[in-house]
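The exercises below concern one protein model. Work each task on the coordinates before reading the solution.

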Amino acid sequence: MTETSMVVGRKAWKRLGLAFFVMAGGLGLSLLGLAWDFYEHEIAGFSPELESLLAPPHLAIFGGIFVTALGFVIGDLALRKEGWYPLRMLRA
């Protein structure tokens, strides 16, 4: 049984850098939304406006999750363009 290793090219690493940057931005946006939501609940207490899914802190949280997922897709596409399919590792 021989093992084959794939070398990820320089262009793929640049695209992966973009993916990591996008994911870090999404994570930062989510953390900012969580801190904002915690602050609003501690200061204002319970109010129907803060419990809405469309409240600004909640939109920041959901937006951050979406941006993080977008970064993951960018990274996956960057690796697939190099001919490396990350999810094939799960099948043994």
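Ile65 is found in helix H2, which covers residues 56-81; helices (H or I, at least four residues) and strands (E, at least two) are DSSP runs numbered from the N terminus. The model is predicted, so local features need pLDDT of at least 70 and side-chain atom pairs count only at pLDDT 80 or more, while totals for chains, interfaces and linings use all residues. Residues are numbered from 1 along each chain as its sequence is written, and side-chain values use heavy atoms, with hydrogens and water left out.

**Exercise 1. Describe the chain as a whole.**

Step 1. Count the elements: the protein chain has two helices and zero strands.

Step 2. Take burial, where buried means under 20% relative accessible area, exposed over 50%, and partly exposed in between (1.4 Å probe, protein chains only). Of the 92 residues, 24% count as buried.

Step 3. Take the surface, using the Shrake-Rupley method with a 1.4 Å probe and, for residues, only the protein chains shown as cover. The chain exposes about 7,200 Å², and 71% of that comes from carbon and sulfur atoms.

Step 4. Sort the contacts, defined as heavy atoms within 4.5 Å. Among those between residues at least 6 apart in sequence, 68% join residues at least 24 apart.

**Exercise 2. Check the length of H2 and list its buried residues.**

Step 1. The expected span is 1.5 Å times one less than the number of residues. H2 has 26 residues and should therefore span 38 Å; its end C-alpha atoms are 37 Å apart, which agrees.

Step 2. Buried in H2 are Pro57, His58, Ala60, Ile61, Gly64, Gly71, Gly75, Asp76, Ala78 and Leu79.

Step 3. Just after H2, Gly83 has a positive phi of about 90 degrees.

**Exercise 3. Which residues does Ser30 touch, beyond those up to four places away in sequence?**

Step 1. Ser30 lies in helix H1, residues 10-44. Its relative accessibility is 10%, so Ser30 counts as buried.

Step 2. The residues touched are Ala60, Ile61, Gly64 and Ile65.

Step 3. A polar atom of the Ser30 side chain lies 3.3 Å from the backbone nitrogen of Ile65.

**Exercise 4. Is His58 buried or exposed?**

Step 1. His58 is found in helix H2. With 11% relative accessibility, His58 counts as buried.

Step 2. Neighbours within four places in sequence aside, His58 is in contact with Asp37, His41, Leu50, Glu51, Ser52 and Leu53.

**Exercise 5. Find C-alpha pairs that are far apart in sequence, and classify one residue of each.**

Step 1. Leu34 is in helix H1 and is partly exposed at 46% relative accessible area. The C-alpha atoms of Leu34 and Pro57 are 7.0 Å apart, with their positions 23 residues apart along the chain.

Step 2. Phe62 is in helix H2 and is partly exposed at 41%. Its C-alpha atom lies 8.5 Å from that of Gly33, 29 residues away along the chain.

Step 3. Leu70 is in helix H2 and is partly exposed at 40%. Leu70 and Gly26 are 8.7 Å apart, C-alpha to C-alpha, and 44 residues apart in sequence.

**Exercise 6. Which residues form the nonpolar surface patch, and what is their accessible area together?**

Step 1. Apply the criteria: over 30% relative accessible area, no salt bridge, like charges joined within 9 Å, and nonpolar side chains (Val, Leu, Ile, Met, Phe, Trp, Tyr) joined within 5 Å. A salt bridge is a side-chain nitrogen of Lys or Arg within 4 Å of a carboxyl oxygen of Asp or Glu.

Step 2. The patch is formed by Leu53, Leu54, Leu59, Phe62 and Ile65, with about 540 Å² together.

Notes
Polar contact = N/O pair within 3.5 Å; in protein donor to acceptor, adjacent residues only side chain to side chain.
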